[in-house]
Amino acid sequence: MLTHLRPAFVLFAILSLLTGVIYPLAITGIAQIAFPHEANGSIITSADGKPIGSSLIGQEFAAVASGDPNDAARWFWGRPSATGPVPYSALNLDKGTGSSGSNLAPTNPALIDNVKARVDALASADAAVGYARTAGRTIPIDLVTSSASGLDPHISPAAAAYQVPRVAKARGLSEDAVRALVTKHTRGRTAGVLGEPVVHVLELNLDLARQTR
Amino acid sequence: MIPHTLTPPTLATITGHGALQIVLYVVVLLAMVKPLGWFMARVFEGVPGSAPLGLGVALGWLERLTYRLCGVRVSPIGSTPAYAEMGWKPYAVGILLFNALGFIAVYGLQRLQHALPANPVGLGPVEGWSAFNTSVSFVSNTNWQGYGGEVTMSYLTQMLGLGVQNFLSAATGIAVLVALIRGLSRRSAATIGNCWVDLTRVTLYVLLPLSSLLAVALVSQGVVQTFAKPQEVALTVPLSYSEPATNDDGGALKSADGRDQTKTVAVATQTVPLGPAASQIAIKQLGTNGGGFFNANSAHPLENPTPLSNFLQVLAILLIPAALCWTFGEMVRDRRQGWAVLAAMLVIFIPLLTATYWFEAQGNPRVAAAAPIVDQSPSPLAPGGNMEGKEARFGIAGSATWAAATTAASNGSVNSMHDSFTPLGGLVPMWLMQLGEVVFGGVGSGLYGMLMFVIVAVFVAGLMVGRTPEYLGKKIDPFEMKMAAIAVLVPCALTLLGTAVAVLLPQGTSSTSNPGPHGFSQILYAFSSAGNNNGSAFAGLSANTPFYNLLLGLAMWFSRFWIIVPVLAVAGSLATKKVTPTTNGTLPTHTPVFVLMLVAVVIIVGALTFVPALALGPIVEQLQLAGN
């Protein structure tokens, strides 16, 4: 036992220094030189250089502060988010909240209520701009279920397509023009194989705002 | 029993793209088994200062310097043994002491982080019970998270506490495995290696180089790596929420008629959390640790931003456990033995992975019944399926593959929320843990756990044909059988007893967040995870309470070290034995028959032990879901 004390302490100290200090510092150095944008959170800046988002973190568009469905209808909505105190709250140190899923079980009545409320909210937004949904038009599941992180920046191309008529009507654009914007912000599978095709909601909305202002 | 309204499950929900991703994953994984397995065998059998691929030239001086400072005696080059070796008892004492130091360091860092550097947002000390739980969790390679990383742990605690243990608990598992392999391959020997040499060489030549490569690749995809404080950004549209209004003392404000007043809080910004994440996430996956830098773990877009980063991470989860099978075959000078064990793992893994994918792709019948307008079928433009708790960029196939891999290995990181899985989709990850984390399992620990099952299997086979059980020429005596039985039964007992205690006490049941059988599943999942050193969770369970922090902490500790000690005892005992020559009567342990025998033993132990408990949780819930 006693003969073990010296190697245990010394080895623990050396390996801690190596893996807990030198290694993360070295990776940080490489990262900051080779990939400064990615290493610092992929921050999007406005034309005047102000940070207005991260291209990896989504933002909330369905629950705008005004509470006016007319305002919400003008934007593409992302995945529902279970973070607190507001959707897509990536970090709130005062409340001690960060990324989070809903963790609702498939049999939990609260999940079903949430889905129904989201379906209703989509219908209200349509009604607010006077868009009558064509019969048989279904809502893709990812638009009414909350993401794992609560920060998902993407929706499926089908979920974007579902919202095109509403957004076009709300902004007085042609559906084709809006659809072209959606296509511009759609990314296919990586190398045609990995992942799922997705639409980037924040970048799409920022582009939309630029086009119609 | 099954009502006629239930739509039968359909195979059409498995898409070609989903299947292709799974096939690609398995093929790439298997392609890397031989080169990495060969490399690791060279590292474990090499002499101090030497390692393949030029690593000895680059880092050999550091290794020799480490031994000099530690007082490990190294022989002159060319003489055998190359360094002072140990019997199994000193080896075990060294490993336990080294891990005890790790526990103290992680606990101390958490409790003192408010007074230490690299804490840009000024986080306070971690609460005592939680700090205890987290320390055990990371030392035992479990990496259960009762806390949310971004709001609890300073950058220093993350890298010098949790990050270090990511390396050292992985090194511990591999060192113990290497000692066991030496016990199997040596004849009439009194020693099984030197724990300090094994820990050093694994860390220097295997874990650090692989982690460095993966970390840089992850940064290129968008995983953050910085010491800057969180970045505030302006929201495109302002938000607001209401909360109870309080006076200056924090008491609730009442209106004139006595009702609680609320106030509206405007939110115009979003705070993007940052930190040295990529360096930690690389080893979190490679070392089958799984503890996330952020609360949402590898579902967080800053921890796992793209399908490519997802592929690299899920590959890293099984990489070392799979390659160690080849290393094992190489070191016992019979590669077929390594293939046989790997084959047994794949025979269990691939069907279960497919099953999870299938169940998740079916979607949720209750959603279909309550909101028929919602479309859950997959198409080229939509993932379909049960998307609650899943990220759009990963979809169903990417989430299911990860769920199976992370629970087959004792990794426990998640890229989707298992709590929201369909009942049977969630049963698979739970059962993969309950099998004892031997289907790939933890780095080192998975294979040494599987070799304990091999001992049980050859014993059972020996009884069936009436011969003395042998493995690799070593006679399996009652001592080895007793130790193997302990190693196999400890996790089962911890899982079931822990669950039983928790469901009997209000402190246990009050933490569940879902009603009915799913609440039971949450508790069963937690103890399956802790009792098998996995670390994933049905995360709706509020486990950051003194009760769960203590009980789960104890489960993790015993599950780790009450297996390590018997395994090392087996290693020491086998090392002393002679090798009996192969005869016509020897049971070959590399044949398909033996592989199936081994699979059967693993499955039967797992099924007999856990089917009653699973029936009360996910199976009842599935019947409810189908019955609507």
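Biologist: What distance separates the centres of domain 1 and domain 2 of chain A, taken over C-alpha atoms?
Modeller: This is a predicted model, so the values here are computed from it. Chain A is divided into domain 1, residues 2–37, and domain 2, residues 44–212. Take the centre of each over C-alpha atoms, and the separation is 42 Å.

Biologist: What radius of gyration does chain A have, set against a compact globule of 213 residues?
Modeller: The C-alpha atoms of chain A fill a box of roughly 80 × 45 × 40 Å along the principal axes. A compact globule of 213 residues would have a radius of gyration near 17 Å. Chain A does not follow that figure: its own value is 22 Å.

Biologist: And what radius of gyration does chain B have?
Modeller: Its C-alpha atoms fill a box of roughly 90 × 65 × 50 Å along the principal axes. With 628 residues, a compact globule would come out near 25 Å. Chain B agrees with that, at 25 Å.

Biologist: What percentage of the 628 residues in chain B are buried?
Modeller: A residue is buried if 20 or more other C-beta atoms lie within 10 Å of its own. In chain A, 51% of the 213 residues count as buried. In chain B, the figure is 60%.

Biologist: In chain B, what share of the contacts with a separation of 6 or more comes from residues 24 or more positions apart?
Modeller: Look at chain A for reference. There, residues 24 or more positions apart account for 55% of the contacts with a separation of 6 or more. For chain B, the share is 78%.

Biologist: How many helices and strands does chain B have?
Modeller: Chain A comes to seven helices and eight strands. Chain B has its own tally: 19 helices and five strands.

Biologist: What is the order of the three strands in the open sheet of chain A?
Modeller: The pairing in this sheet is antiparallel. β6 (154–155) and β7 (186–187) of chain A each have a single partner strand, so they stand at the edges, with one side left without a neighbour in the sheet. Reading across chain A, the order is β6-β8-β7.

Biologist: Which residue of β8(A) is the bridge partner of Thr186(A)?
Modeller: β7(A) and strand β8 (residues 198–200) of chain A run antiparallel, joined by two bridges. In β8(A), the partner of Thr186(A) is Val199(A).

Biologist: What angle does helix α7 of chain A make with β8(A)?
Modeller: Helix α7 covers residues 201–212 of chain A and packs on the sheet. It touches β6 and β8 of chain A. Its direction and that of β8(A) make an angle of about 50 degrees.

Biologist: Which strand of chain B gives the largest share of the side that touches chain A?
Modeller: First, the contact itself: 118 residues of chain B meet 101 residues of chain A. Eleven residues on the chain B side come from one strand, covering residues 231–244, and that is the largest share. By class, the chain B side has 65 nonpolar, 43 polar and ten charged residues. The strand asked for is β1 of chain B.

Biologist: Which residue of β3(B) is the bridge partner of Pro140(A)?
Modeller: Two strands pair across the chains: β5 (residues 139–140) of chain A and β3 (residues 374–375) of chain B. They run in the parallel sense, over two bridges. In β3(B), Pro140(A) is partnered by Asp375(B).

Biologist: Which helix of chain A do the buried residues of α8(B) pack against?
Modeller: Helix α8 of chain B spans residues 277–286, and ten of its ten residues are buried. Among them are Gln280(B), Ile281(B) and Lys284(B). Within chain B, they pack against α6 (155–185), α7 (195–221) and α9 (307–331). In chain A, they pack against α1.

Biologist: Is Thr401(B) buried or exposed?
Modeller: Thr401(B) is found in helix α12, residues 395–408 of chain B. Beyond its close sequence neighbours, up to four places away, it touches Gln21(B), Ile22(B), Tyr25(B), Val314(B) and Leu353(B). The cut-off for burial is 20 or more other C-beta atoms within 10 Å. Thr401(B) has 26, so it is buried.

Biologist: What distance separates the C-alpha atoms of Thr401(B) and Tyr25(B)?
Modeller: Along the chain, these two are 376 residues apart. Tyr25(B) is still one of the residues that Thr401(B) touches. Their C-alpha atoms are separated by 8.7 Å.

Terms used:
Residues are numbered from 1 along each chain as its sequence is written. Chains are lettered from A and ligands numbered from 1 in the order in which they are written. This is a predicted model: local features need pLDDT of at least 70, side-chain atom pairs count only at pLDDT 80 or more; totals for chains, interfaces and linings use all residues. Helices (H or I, at least four residues) and strands (E, at least two) are DSSP runs, numbered from the N terminus. The radius of gyration is taken over C-alpha atoms; the globule rule is 2.2 Å times the number of residues to the power 0.38. A residue is buried if 20 or more other C-beta atoms lie within 10 Å of its own, exposed if 12 or fewer, and partly exposed in between; C-beta atoms are placed from the backbone. Two residues are in contact if their C-beta atoms, placed from the backbone, lie within 7 Å. Ala, Val, Leu, Ile, Met, Phe, Trp, Tyr, Cys and Pro count as nonpolar, Asp, Glu, Lys and Arg as charged, and the others, Gly among them, as polar. Two strands pair if DSSP finds at least two bridges between them. Axes are lines fitted to C-alpha atoms, for helices over the stretch in contact, and angles run from 0 to 180 degrees between N-to-C directions. Domain bounds come from an automatic or database domain assignment.
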